[in-house]
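Hi,

Here is the structure I said I'd pass on. Have a look at it first, and then read my notes underneath.

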Amino acid sequence: MTSATARAHTNIALVKYWGKRDSELMLPQTDSLSLTLSEFYADTRVEFSNRLDHDELIIDGQGINGKGLKKVQKVLDLVRKMSHIDLAARVESENHVPMAAGLASSASAFAALATAASTAAGLNMSRRDLSRLARRGSGSATRSIFGGLVEWHRGIDDLTSYAEPIMEEVDFPIEMMAILLNTEQKKVSSTLGMQHVVETSPYYPAWREVVAADMQKIKQAIDKHDINEIGHIAQTNALRMHALNLAADPGFTYFNDATLKAMHVVDDLRANGTNCYYTMDAGPNVKVIYDRADRNKIQAALSPLFGADNLIVSQPGPGTVLLDQE
């Protein structure tokens, strides 16, 4: 096979990893746990060809060079080494998610790239090994190989740092609603932000302990199908992650005025009897966690403030799939 196309969905961490201990292997400081989303995804086609004299990257119809191409080549080079081929590749990706806005566009992009490139090169990789390969492009991509609720084991080296599903077919009515507040590219990238935090935030050692405790608690809540407890853990974990950013030197934040407004609205809804919780990644956009039965009440409260078109409802989504191969 010389070409293949794969689709991968984004995931949003409920218990977050925020910091690497090895930037080359993309090994995280902590475990993490995420929910793969149905509504945001990337379709990526990879073709290895002797007609090409260099790698090409096209995203949403636009040619990409520089750092973006180099990150993709890092994954392509690993695939070429494993498959013993020496061909340039053309990579075409369509993103159905705003890029670099805290909506995990890199997770879906690199999970799709790992799947398409390995298949095009004739490799028959297990999903665990695909997870490890996707990780080399983007840490959170390691989780997007799988659907539903997914755990990423921090591991101690390349072989032991991988994701696996906790519940791929989610059989209880958890949903996530994204409030699209600002889909422009963020000023501080996730990579730079987390590294700055690891190096300068005095509370980082406590963060490792927070994540270890939250991982235990959230897995127990998932076993019980307790959406309120899952939401509570996710919201607290997100706030503590963002507190690390504020405590860095110099401090920074991904929040804007609309982020704070959305957080207050969700807190007010919960105080008045509608159980819902928020989480935020490295960007201003807020994601709301709730029981599907409460969706209409939450939409009714948020639509007048943020616009109905800016509320995207997601069910738990699937893992990476091949769309075609030649």
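Below is what I found, going from a helix to some strands and then to two single residues. Keep in mind that this is a predicted model.

Let's start with helix α9, which covers residues 295-306. Does its length add up? What should 12 residues span at 1.5 Å a residue, and how far apart are the end C-alpha atoms? The expected span is 16 Å and the end C-alpha atoms of α9 are 16 Å apart, so the two agree.

The buried residues in α9 are Ile 298, Leu 302 and Phe 306. Looking down the helix axis, these buried residues fall within an arc of 30°, so they line one face of α9. That fits the usual geometry: an α-helix has 3.6 residues a turn, so residues three or four places apart point the same way. The other side of α9 has Asn 296, Ala 300 and Pro 304, which are exposed. As for what the buried residues pack against, the list is β10 (174-179), α8 (257-271), β11 (276-279), β12 (286-291) and β13 (311-314). Just after the helix comes Gly 307, with a positive phi of about 90°.

Next, the strands around β7 (residues 88-96). Strand β4 (residues 32-49) pairs with β7 in the antiparallel sense, over nine bridges, and Tyr 41 stands opposite His 96 of β7. Strand β5 (residues 56-59) also pairs with β7, but in the parallel sense and over four bridges. In that pairing, Leu 57 stands opposite Val 91 of β7.

Ile 58 is in β5 too. Is Ile 58 buried or exposed? Its relative accessibility is 15%, and the cut-off for buried is under 20%, so Ile 58 counts as buried. Leaving out residues up to four places away in sequence, Ile 58 touches Gly 63, Arg 90, Val 91, Glu 92 and Ser 93. Ile 12 is 46 residues from Ile 58 along the chain, and their C-alpha atoms are separated by 25 Å.

The last one is Thr 142, which sits in helix α4 (residues 141-144). Thr 142 is buried, with a relative accessible area of 0%. Which residues is Thr 142 in contact with, leaving aside its neighbours within four places in sequence? They are Ser 131, Arg 132, Ala 134, Arg 135, Trp 152, Tyr 162 and Ala 163.

Cheers

Technical notes:
Residues numbered from 1 in each chain as written. Predicted model: local features only at pLDDT ≥ 70, side-chain atom pairs only at ≥ 80, totals over all residues. Heavy atoms only, no water. Pairing = 2+ DSSP bridges. Helix = DSSP H or I, 4+ residues; strand = E, 2+ residues; numbered from the N terminus. Expected span 1.5 Å × (residues − 1). Buried < 20%, exposed > 50% of the residue type's maximum accessible area, 1.4 Å probe, protein only. Arc of directions from axis to C-beta. Contact = heavy atoms within 4.5 Å.
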